[in-house]
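Please work through the following exercises with the structure in view. Each task is followed by a solution in steps.

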Amino acid sequence: MSSVYVHGLGYIGLPTAAMLANYGHSVVGYDINQELIEDIDKGNVSISEPGLQAFVTEALESGNLEVSNEVGPGKYHIISVPTPFDEEEKDADLSYVEQAGESITPHLRTGDTVILESTVPPGTTVDILQPVLEESGLTAGEGFALVHCPETVLPGNIITELRENDRIIGGVNGVSTEAAVRLYESFVEGDIRTTTNATTAEFVKLIQNTYRDTNIALANELAKVANDYAIDSREAIELANKHPRVEIHQPGPGVGGHCLPIDPWFLAHDSDELDLIPTAREVNDGMVDYVVELLAKELGSLADSRIAILGVAYKGNVDDIRNSPGLSLARRLQSTTDTATASVSTDGGTSVGVTLNDPHVEDQTLNLQPIEVATGGVDAVVVTTDHDEYTQLDPAAVSVQMAGDLVVDTKAVLDEDEWQKTGLRVERI
Ligand code: SAJ
């Protein structure tokens with residue numbers, strides 16, 4: 001069993017630290033956020049992720065996990081820090097990766113292994129992190145092992161996927177790769193695939209999310225065409241996917257979260273030669289406008305309308321609102337100033353009012369309302385997140401609250417026939 005430092009105790013770092021501790025390693029979780037360290041030390045986990053609180057508590061109680069706001073020596077250092085997206089530059093801010101490297105360098109000893117798990121543009125491990133670590137006087141691949149091992153877990157199912165997903169390990173050389181394999185094979189039940197090129201591992205992670213984003217863009221375009229033919233895009237996609245070599249994703253109100261809307265730019269920002277990847281991003285970001293147009297068409301006009309948006313989390317059964325399509329829709333309605341929509345407001349202002357509901361999100365700044373309040377007196381309800389709670393909504397109860405009869409189900413979570421029986425018009429995309 002090894003001593004491991006995990007740098008960055010966020011969505012991935014904290015579960016990873018707890019996982020390693022629960023598999024017997026001696027783990028120190030480090031974060032620059034002192035308040036976070038104090039909270040975790042008291043056993044309080046603020047990230048809403050199924051099973052995580054109990055998992056972290058188990059790790060702390062075993063004595064194998066401790067948290068600290070200081071970095072010290074460790075046989076392994078896993079870097080799991082944010083790589084925020086610079087919207088203007090369409091590029092990654094790698095300052096946290098550099099800072100993590102700088103905090104490790106004074107403690108780096110011969111034989112240690114440094115693993116970068118954060119999602120980064122190709123070349124980051126070798127071009128950015130390696131020079132910082134080599135300030136220690138040791139050489140990557142000789143004095144210490146250096147590796148990129150991307151995380152691939154799905155929010156909402158993190159603990160299971162940390163253990164069961166396959167992993168890709170790309171060291172700067174064979175010795176580095178082998179050192180990281182020894183650590184991951186202690187808890188990973190999936191296959192561990194290796195490459196002796198850290199940049200390849202970085203690239204693989206990005207193309208997985210780019211594939212998904214591009215595929216969703218295709219589904220979104222198909223949904224628009226299907227709408228022109230008055231056919232159900234979901235039914236058509238389901239039938240098409242029966243073919244053994246076809247796997248079209250699902251349309252929706254846009255692509256949210258911190259991965260799919262961003263990672264394609266980590267690939268595309270440096271290249272003038274790419275068309276498809278940036279276009280797919282535009283298609284997915286443009287779905288909010290498509291929903292606005294659909295609402296305007298079905299309502300005749302948006303002016304003086306009241307619209308309830310159900311779902312501000314970026315996807316079902318999570319509380320994460322980063323790049324939320326539901327919130328983009330609310331903002332888009334707010335900023336709509338065409339003649340049909342003189343003034344749109346999320347607080348029920350002078351013209352069009354938008355109300356918000358989300359059973360998973362707690363955010364005082366958003367004025368989220370219980371479902372019966374959010375849908376009270378509205379002309380249209382738009383479902384933007386596939387929460388389980390929405391699949392169980394009672395159409396009669398919603399219908400009674402509403403003033404109008406339009407329901408736009410962007411995630412196909414409602415039983416269309418049941419809802420239509422109550423006299424509501426259900427539009428899907
Ligand atoms: N979405 C669609 N249609 C679909 C699937 C998803 O519109 O058919 C939307 C969702 O509603 C959501 C967005 O895409 O708004 C992203 O959701 P997601 O479930 O596709 O992915 P994330 O961002 O939660 O997690 C992804 C995963 N990547 C892949 O599946 C290739 C996860 O495994 C990665 O670990 C994660 O990114 C990450 O950290 O990179």
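**Exercise 1. Identify the residues of the nonpolar surface patch formed with Ile231, and classify Ile231 as buried, partly exposed or exposed.**

Solution. In this predicted model, the nonpolar patch on the surface is formed by Val225, Tyr229 and Ile231. Together these residues have about 330 Å² of accessible area. The next step is to locate Ile231, which lies in the loop between α8 (198-228) and α9 (233-240). Finally, the relative accessibility of Ile231 is 48%, and the partly exposed class lies between 20% and 50%, so Ile231 counts as partly exposed.

**Exercise 2. Describe the largest nonpolar core and state which element gives the largest share of it.**

Solution. The largest nonpolar core has 39 residues. Within this core, Leu9, Val56, Ile115 and Tyr184 have the most contacts. Two or more residues are given to the core by each of these elements: β1 (3-7), α1 (13-22), α2 (34-41), α3 (52-62), β3 (65-68), β4 (76-79), α6 (158-164) and α7 (174-184). The largest share, 6 residues, comes from α1. Another core lies apart from this one and has 28 residues, including Val288, Ile309, Ala330 and Val352.

**Exercise 3. List the contacts of Ile115, leaving aside neighbours within four places in sequence.**

Solution. With those neighbours set aside, Ile115 is in contact with Tyr76, His77, Ile78 and Ile79, among others. The list continues with Val147 and Cys149, and it ends with Ala180, Leu183 and Tyr184. One of these partners, Tyr184, is also among the residues with the most contacts inside the largest core.

**Exercise 4. Place Arg163 in the structure and determine how far its C-alpha atom is from that of Ala403.**

Solution. Arg163 is found in helix α6. Its relative accessibility is 22%, and therefore Arg163 counts as partly exposed. Not counting residues up to four places away in sequence, Arg163 touches Met19, Tyr23, Phe55, Phe187, Val188, Glu189 and Gly190. Arg163 and Ala403 are 240 residues apart along the chain, and their C-alpha atoms are separated by 49 Å.

**Exercise 5. Determine how many disulfides the structure has, and explain why Cys149 is in none.**

Solution. A disulfide is a covalent bond between the sulfur atoms of two cysteines. A search of the whole structure finds 0 disulfides. For Cys149, the nearest cysteine sulfur belongs to Cys259 and is 15 Å away. The cut-off for a disulfide is within 2.5 Å, so Cys149 is in no disulfide. As for accessibility, Cys149 counts as buried because its value is 0%, whereas Cys259, at 29%, counts as partly exposed.

Technical notes:
Residues are numbered from 1 along each chain as its sequence is written. This is a predicted model: local features need pLDDT of at least 70, side-chain atom pairs count only at pLDDT 80 or more; totals for chains, interfaces and linings use all residues. Side-chain values use heavy atoms; hydrogens and water are left out. Patches are made of residues with over 30% relative accessible area and no salt bridge: like charges are joined within 9 Å, nonpolar side chains (Val, Leu, Ile, Met, Phe, Trp, Tyr) within 5 Å. Accessible areas come from the Shrake-Rupley method with a 1.4 Å probe; for residues, only the protein chains shown count as cover. A salt bridge is a side-chain nitrogen of Lys or Arg within 4 Å of a carboxyl oxygen of Asp or Glu. Helices (H or I, at least four residues) and strands (E, at least two) are DSSP runs, numbered from the N terminus. Buried means under 20% relative accessible area, exposed over 50%, partly exposed in between (1.4 Å probe, protein chains only). A nonpolar core is a set of buried Ala, Val, Leu, Ile, Met, Phe, Trp, Tyr and Cys residues joined through side-chain atoms within 4.5 Å. Contact means heavy atoms within 4.5 Å.
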